[in-house]
Amino acid sequence: MKKVYVGFILMISIFVLAACGGQSDEPASADETNQQEETETTGEDQTSSESRVITHEMGETTITGDPKKIVALEFSYVDALASLGISPIGIADDNDENRIIEPIRDKIDDYTSVGTRKQPNLEVISSLEPDLIIADLKRHKDIYPQLEEIAPTIILGSLAADYQGILDGFEVIAQAVNQEEHGAEILELHKQKMEELRAQIPEDETRTVMPAVVASSGFYAHDDDSYTGSLLSSIGLTNAIQSGDERYNKINLEQVVEFNPDIMFHMVAGDETVVDEWADNSLYQDVSAVESDQVYQVDRNMWSRFRGLISSEQILEDAINHLYKN
Amino acid sequence: MQNKKGLYILITLGLVVLVLSVIGTGIGAVYIPPYEIISNLLGNDIGSNQLIIQNYRLPRIVIALLVGAGLSVSGAVLQGIIRNPLASPDVIGITKGAGLSAAIVIILFPKAPIFVLPVAAFLGAACIAILLYLLAYKNGVKPSTLSLVGIALGAICHAGIQYLMVKFPLEVNAALVWLTGSLWGKSWDDVWLLLPWILILLPVTIIMAVKLDILNLGDDVAEGLGERVEVMRMVLLFIAVGLAGSSVAIVGSLGFVGLIAPHIARRLVGNKHHLLLPVSALLGMVLVLIADMLARGLMPPVEIPAGIFTAVIGAPYFLYLLRKMQSTP
């Protein structure tokens, strides 16, 4: 019997020893890489020695020089980088290139997929040896220390941001990549473009809109505080859901009827959605948008996933085409 | 005779764990052959793969070992004190309690500092355990009451989680990874958080193995043998909570390990806890190691939550076990 214990205790100690052995190696190797990084950065220092302190959601990060190898863990940041004329080396694209909307795919070079936005692959990110990582507060907060170990990391709101939040994030990204002035110019151009688009909306537009992701699991209306909702209302399209305590309300048919939107934009996810089930329901047919044939199917990647400057312009063009050009 | 067989099983399982750990270290977005890993573990520099091994793979392997042992021994202890083979940290509400408080932190306090999440999860598990004991206590705690109250508490917590998920569909993303259980993004810091718990509680549990055997004889016999049944049950319950709570705090509610590992162990070495506990621990390690290997290696660079695999391996095996138990009473 004693032997069993001895055996077991031996085994546990082997693991612990192995673990500690691994650990005792680790600081050494980390030091080495630090030294390498230091020599590298001193090498770069000769070209641009300026370093900036970027304030973001998780505190402050010091960034030296012009980051060139950037990993983007949300599509918003890809949009921001593409607007600034930078091509990220790594994107958390959910392992599906087609999620990158075309106008942006045209602007960026080939990149390496670092897996899903939900659980981006740290091994791949570190193998890319980036000099800047841009991550999302909601999704990546818990791996912030690990990301910081790989490269300077800034954490912004993308998933939970509204249109203004996205613009603010863009400015931070422009600072981080040392293009603050260029960024301000681009933002100015973007605002002009938005004004032009707004001018195409008739003054007397009073109809209410409801953008929504429609999936088999439910109908997710984006209210006035959401990114898509706030974007549409910035050019004068009133959201059917003005006040809600959540930005993406999962609502049922009765609630759709109650909000009674005059226009609906459906971001369709999957082949079969709840709307297919509702189609024959007389309640649904009484919804103002359905009655007046103002239900438009739009691209979910562009309308909901990207949340950036380029995609904002695309969404509004898309909306105006649907509403006023036919 | 029995002991000899037990010893062989222990040694075999130990070797399996060792081999899986080495092979597992090699699996992920970049494949690293076992000889390079061994060479690196012995202290040799192997170049670019070294960083991946040291920073990402090894901590996950160690956490898989610790969590596997923690959850399965917790399950074995709970099955012992409740005297019901269906007991496990999942079933009596401990992981659900951790899950609810983790979901509250993730969803309602997105800006909370990083260390809050594991602490909150552990406290959630502890609260449920205390509530469980208080609610089940009536002139002592009956094993059956304990499990029923646990199931009820678990259901309440589950309802809370569901409510949060329906109410805040946007925030569900981050919470879901935690609720499925995943070793993604774990580092040495997590190892140091978890290690003391397992290192202290595991040997204590094994020392108390005899007490579990005595409890299994029934309360009357145990009392006849001079044991203070109530005190013992409470101590063991809180050890089980400590093991499961600390594990879940780090990796999220990884299901089924605490249920299945002790079951397989029982089939292999019978009901004597001095063997059952270590064998459960090793089997738990094997389960979590395999699950995390699949999580990393099945479709890189995509990471799949390991909890999906423990459920996929676990649930069918459990059904098989149930059928087998029916045919051989």
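These notebook entries record what I looked up in a predicted model with chains A and B.

**Entry 1. Chain A overall**

I began with the make-up of chain A, which has 15 helices and 13 strands. I then looked up burial: 42% of the 326 residues of chain A count as buried. For contacts in chain A between residues at least 6 apart in sequence, I noted that 63% join residues at least 24 apart.

**Entry 2. Two asparagines of chain A**

I next looked up positive phi values in residues other than glycine. A:Asn95 has a phi near 55 degrees, a positive value in a residue that is not glycine. I located A:Asn95 in the loop between β4 (90–91) and α3 (102–105) of chain A. Its environment holds 15 C-beta neighbours inside 10 Å, so A:Asn95 counts as partly exposed.

A:Asn260 was the other entry of this kind, with a positive phi near 45 degrees. A:Asn260 sits in the loop between α10 (253–259) and β12 (263–268) of chain A. I asked how many other C-beta atoms lie within 10 Å of A:Asn260. There are 15, and A:Asn260 is therefore partly exposed.

**Entry 3. A:Ser312**

I placed A:Ser312 in helix α15 (residues 309–324) of chain A. Is A:Ser312 buried or exposed? A:Ser312 counts as buried because it has 25 C-beta neighbours inside 10 Å, and the cut-off for burial is 20 or more. Setting aside residues up to four places away in sequence, I found that A:Ser312 touches A:Tyr163 and A:Leu231. I also took one distance: A:Ser312 and A:Met302, ten residues apart in sequence, are 8.3 Å apart from C-alpha to C-alpha.

**Entry 4. Helices α3 and α13 of chain B**

I turned to chain B and to the pair formed by α3 (residues 49–82) and α13 (residues 273–297). Their axes come within 7 Å and cross at roughly 140 degrees. That angle makes α3(B) oblique to α13(B), because the roughly antiparallel class begins only over 145 degrees. The crossing of α3(B) with α13(B) is right-handed.

I then listed the residues that meet. From α3(B) they include B:Arg60, B:Ala64, B:Leu65, B:Gly68, B:Leu71, B:Ser72 and B:Ala76. From α13(B) they include B:His273, B:Leu277, B:Ser280, B:Ala281, B:Gly284, B:Val288 and B:Asp292. By class, I recorded 15 nonpolar, six polar and two charged residues in the contact of α3(B) with α13(B).

**Entry 5. Helices α4 and α7 of chain B, and B:Ala175**

I looked up a further pair, α4(B) and α7(B), the latter being residues 172–180. These helices pack at an angle of about 155 degrees, with axes 9 Å apart. They are therefore roughly antiparallel to each other, and α4(B) passes α7(B) in a right-handed crossing. B:Gly99, B:Ala102, B:Ala103, B:Ile106 and B:Ile107 of α4(B) make the contact with B:Ala174, B:Ala175, B:Trp178 and B:Leu179 of α7(B). I recorded eight nonpolar residues, one polar residue and no charged residues in this contact of α4(B) with α7(B).

I followed B:Ala175, which lies in α7 of chain B. B:Ala175 is buried, as 22 other C-beta atoms lie within 10 Å. Which residues does B:Ala175 contact, leaving aside its neighbours within four places in sequence? They are B:Ala103, B:Ile106, B:Ile107 and B:Met165. By C-alpha positions, B:Ala175 is 22 Å from B:Tyr56, and the two are 119 residues apart in sequence.

**Entry 6. Helices α5 and α11 of chain B**

I checked the length of α5(B), residues 116–136. Its 21 residues at 1.5 Å each should span 30 Å, and the end C-alpha atoms are 30 Å apart, so the two values agree. Among the buried residues of α5(B) I noted B:Leu117, B:Ala121, B:Phe122, B:Ala125, B:Ile128, B:Ala129 and B:Leu132. Their cover includes α4 (94–108), α6 (143–167), α8 (188–207) and α11 (229–251) of chain B.

I repeated the length check on α11(B): 23 residues should span 33 Å, and the end C-alpha atoms are 33 Å apart, which agrees. α11(B) is mostly covered, with 17 of its 23 residues buried. B:Gly252 follows α11(B) and has a positive phi near 85 degrees.

**Entry 7. A cis peptide bond in chain B**

I last looked up the peptide bond joining B:Pro300 and B:Pro301, which is cis with omega about 5 degrees. B:Pro301 lies in the loop between α13 and α14 (306–327) of chain B.

Methods: Residues numbered from 1 in each chain as written. Chains lettered and ligands numbered in written order. Predicted model: local features only at pLDDT ≥ 70, side-chain atom pairs only at ≥ 80, totals over all residues. Axes fitted to C-alpha atoms, helices over the stretch in contact; angles between N-to-C directions. Helix = DSSP H or I, 4+ residues; strand = E, 2+ residues; numbered from the N terminus. Parallel < 35°, antiparallel > 145°, perpendicular 65-115°, else oblique. Left-handed = near helix turned anticlockwise from the far one by under 90°. Contact = placed C-beta atoms within 7 Å. Nonpolar A, V, L, I, M, F, W, Y, C, P; charged D, E, K, R; others polar. Expected span 1.5 Å × (residues − 1). Buried ≥ 20, exposed ≤ 12 C-beta atoms within 10 Å, placed from the backbone.
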